[in-house]
Amino acid sequence: MAEKLFRLEIVTPDKVFYCKDVFMVEYNTTEGEVGVFAGHIPMTQILAPGVLTITEDGGTEKKAALLAGFVEINQEKVTILAESAEWPEEIDIKRAEEARIRAERRIGSGENVDLTRAELALKRALIRESVAKM
Ligand code: ATP
């Protein structure tokens, strides 16, 4: 039996990052990790920084870093509007490492820093570092 597919479109400010019929997509939202199959009930979600996993027709898995944005699920299609999305090979590991060290230093400095901002920067850096190694 053929797998039930749905159209996944991921758009970033500069391009269409991905657009294909897929079997499943998994990502992180402000409400937690979710996995979406064809026929999911329509809804809108807010992305949280995390790893995007796309299961394509035939079972191939694709991973990417997905940092912030919105998801709209409707009958025919899942649309992800993301501030940034990066495939493993697009990630500059050194830059992510520097961003992590900067954020860790700020968090540990005890000075008057914007902790929420520093923690989000740390999260982005850690996700980029892990996706880059996938
Ligand atoms: P940095 O402090 O290094 O700028 P950041 O987490 O603040 O990191 P973002 O605001 O999330 O950066 O991203 C800004 C832009 O830079 C986006 O287009 C994103 O794809 C790109 N970018 C950020 N870090 C990396 C990286 N390590 N490798 C590749 N592209 C990156």
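Student: In which element of secondary structure is Lys15 found?

Tutor: In this predicted model, Lys15 belongs to strand S2, which covers residues 15-29.

Student: Is Lys15 buried or exposed, and how does one read that from the relative accessible area?

Tutor: The general idea is to set the value against two cut-offs: under 20% counts as buried, over 50% as exposed, and what lies in between as partly exposed. Lys15 has a relative accessible area of 37%, and therefore it is partly exposed.

Student: Which residues does Lys15 touch, once residues up to four places away in sequence are set aside?

Tutor: With those sequence neighbours left out, Lys15 touches Ile10 and Glu90.

Student: How should Glu9 be read by the same approach: is it buried or exposed?

Tutor: One again starts from the cut-off of 20%. The relative accessible area of Glu9 is 17%, so this residue is buried. Its place is in strand S1, residues 6-12.

Student: What surrounds Glu9, not counting residues up to four places away in sequence?

Tutor: Glu9 touches Val16, Tyr18 and Cys19, and also Lys77, Val78, Thr79 and Ile80.

Student: Turning to the whole protein, how many helices and strands are there, and in what order do they run?

Tutor: One reads the elements from the N terminus on. The protein has 2 helices and 9 strands, and the order is β-β-β-β-β-β-β-β-β-α-α. Along the principal axes, the C-alpha atoms fill a box of roughly 60 × 30 × 25 Å.

Student: What share of the residues is buried, and what share of the contacts joins residues at least 24 apart?

Tutor: Of the 134 residues in the protein, 39% are buried. For the contacts, one considers pairs at least 6 apart in sequence; 51% of these join residues at least 24 apart.

Student: How is the protein divided into domains?

Tutor: Domain 1 spans 6-88 and domain 2 spans 91-132. Their contact takes 11 residues from domain 1 and 9 residues from domain 2. The C-alpha centres of the two domains lie 24 Å apart.

Student: How much area do domain 1 and domain 2 bury between them, and which residues of domain 1 lose the most?

Tutor: Such an area is summed over both parts. Here, domain 1 and domain 2 bury about 780 Å², with 66% of it on carbon and sulfur atoms. In domain 1, Pro49, Leu67 and Pro88 lose the most area to domain 2, together 53% of what that side buries.

Student: What lines the largest pocket?

Tutor: A pocket is open, whereas from a cavity the probe cannot get out. The largest pocket holds about 450 Å³ of space and is lined by 18 residues. Ala99, Arg102, Ala121, Arg124 and Arg128 lie nearest its centre. Helix H1 (93-108) and helix H2 (115-132) each supply at least two residues of this lining. By class, the lining has 8 nonpolar, no polar and 10 charged residues.

Student: How many cavities of 30 Å³ or more does the structure hold, and what lines the largest cavity?

Tutor: There is 1 cavity of 30 Å³ or more, and about 40 Å³ of space lies in the largest cavity. Its lining includes Phe6, Val36, Phe37, His40, Ile73 and Lys77. By class, the lining of the largest cavity comprises 6 nonpolar, 4 polar and 1 charged residues. Lys77, part of this lining, is also among the residues that Glu9 touches.

Conventions. Residues are numbered from 1 along each chain as its sequence is written. This is a predicted model: local features need pLDDT of at least 70, side-chain atom pairs count only at pLDDT 80 or more; totals for chains, interfaces and linings use all residues. Side-chain values use heavy atoms; hydrogens and water are left out. On a 1 Å grid over the protein atoms alone, a cavity is a set of points where a 1.4 Å probe fits but cannot get out, and a pocket is an open set with protein on both sides within 12 Å along at least five of seven lines; lining residues have an atom within 4 Å of a point. Grid points are joined across faces, edges and corners, and a volume is the space filled by probe spheres set on the points. Helices (H or I, at least four residues) and strands (E, at least two) are DSSP runs, numbered from the N terminus. Ala, Val, Leu, Ile, Met, Phe, Trp, Tyr, Cys and Pro count as nonpolar, Asp, Glu, Lys and Arg as charged, and the others, Gly among them, as polar. Buried means under 20% relative accessible area, exposed over 50%, partly exposed in between (1.4 Å probe, protein chains only). Contact means heavy atoms within 4.5 Å. Domain bounds come from an automatic or database domain assignment. Buried area is the accessible area (1.4 Å probe) that two parts lose on being put together, summed over both.
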